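Biologist: Please take one part of this model and go through it closely, residue by residue. After that, place it in the rest of the chain, in words a first-year student can follow.

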Amino acid sequence: MEINQVNNEKNGYFEAIENNVQAGKMSYVWAGETKIIIDHTEVNPEFSGKGIGKQLLMAVVENARENKIKILPLCPFAKGVFDKDETIRDVLF
């Protein structure tokens, strides 16, 4: 599984690719220079139940830590993971 980030000045997304197929995607919108809002997570039905959404979120969290970015999870999936896992809450705003 490969996770890539596509980013521009206003928004972006992280995508999970397996065998040249997009397994999942987590999109965000920039809210200033150091904050992002995760607004949507989707997983290809072929990859359902394989933890793709969580892998995407952990990649976003790692990127946020490395770049001193804070996250607001408006996406219900991302918010649910943050609610359950206190070890990643350091990146919340």
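**Helix α2 and its surroundings**

Modeller: D83 has a relative accessibility of 47%, so D83 counts as partly exposed. This is a value from a predicted model, as is everything that follows. The side chain of D83 meets that of K79 in a salt bridge, with N and O 3.0 Å apart. K79 is also partly exposed, at 40% relative accessibility. Both residues belong to helix α2, where they stand 4 residues apart, which means that about one helical turn separates them.

The helix itself covers residues 76-84, and A78, V81 and F82 are buried in it. Why do these buried residues line one face of the helix? Viewed down the axis of α2, they fall within an arc of 100 degrees, so they share one face. P76 and K84, on the other side of α2, are exposed. The buried residues have three partners to pack against: β4 (35-43), α1 (52-67) and β5 (70-73).

To place these partners, it helps to read the order of the elements. The protein chain has 2 helices and 5 strands. Starting at the N terminus, they run β-β-β-β-α-β-α. Helix α2 is the final element in that order.

Two of the partners, α1 and β5, are joined by a loop, and I69 is found in that loop. Is I69 buried or exposed? With a relative accessible area of 9%, I69 is buried, because anything under 20% counts as buried. Setting aside neighbours within four places in sequence, the contacts of I69 are W30, T34, K35, I36, N63, A64 and V91. I69 can also be compared with F93: the two are 24 residues apart in sequence, and their C-alpha atoms lie 9.2 Å apart in space.

The segment after α2 has a link of its own. The structure holds 2 salt bridges. Besides the pair within α2, there is one between R65 and D90, with the closest N and O atoms 2.7 Å apart. R65 lies in helix α1 and D90 in the segment after α2, so this pair ties together parts that are 25 residues apart in sequence. R65 is partly exposed, at 38% relative accessibility. D90 is partly exposed too, at 41%.

For contrast, take a charged residue without such a partner. E15 lies in strand β2, which spans residues 11-18. E15 is buried and has no salt bridge. The nearest side chain of opposite charge belongs to K25, and it is 6.6 Å away. A salt bridge needs the nitrogen and the carboxyl oxygen within 4 Å, so this pair does not qualify. What the side chain of E15 does have is a polar contact with the side chain of Q22, at 2.8 Å. Residues up to four places away in sequence aside, E15 touches E2, I3, N4, Q22, G24, K25 and L56.

Strand β2 is followed by a loop that leads to β3 (21-30), and N19 lies in this loop. N19 has a positive phi of about 55 degrees, although N19 is not a glycine. With a relative accessible area of 69%, N19 is exposed. N20 is in the loop between β2 and β3 as well. Its phi is near 65 degrees, again a positive value in a residue other than glycine. N20 counts as exposed, at 79% relative accessibility.

Finally, the chain as a whole. Of its 93 residues, 38% count as buried; A78, V81 and F82 of α2 are among the buried ones. The C-alpha atoms fill a box of roughly 35 × 30 × 20 Å along the principal axes. A compact globule of 93 residues would have a radius of gyration near 12 Å, and the protein chain has 12 Å, so the two agree. Among contacts with a separation of 6 or more, 37% join residues 24 or more positions apart.

To return to the helix: α2 has A78, V81 and F82 buried, P76 and K84 exposed on the other side, and a salt bridge between K79 and D83.

Technical notes. Residues are numbered from 1 along each chain as its sequence is written. This is a predicted model: local features need pLDDT of at least 70, side-chain atom pairs count only at pLDDT 80 or more; totals for chains, interfaces and linings use all residues. Side-chain values use heavy atoms; hydrogens and water are left out. Buried means under 20% relative accessible area, exposed over 50%, partly exposed in between (1.4 Å probe, protein chains only). The arc is that of the directions from the helix axis to the C-beta atoms. Contact means heavy atoms within 4.5 Å. Lys and Arg count as positive and Asp and Glu as negative; His and the chain ends are not counted. A polar contact is a pair of N or O atoms within 3.5 Å; within protein, one must be able to donate a hydrogen and the other to accept it, and residues adjacent in sequence count only if both atoms are side-chain atoms. The radius of gyration is taken over C-alpha atoms; the globule rule is 2.2 Å times the number of residues to the power 0.38.
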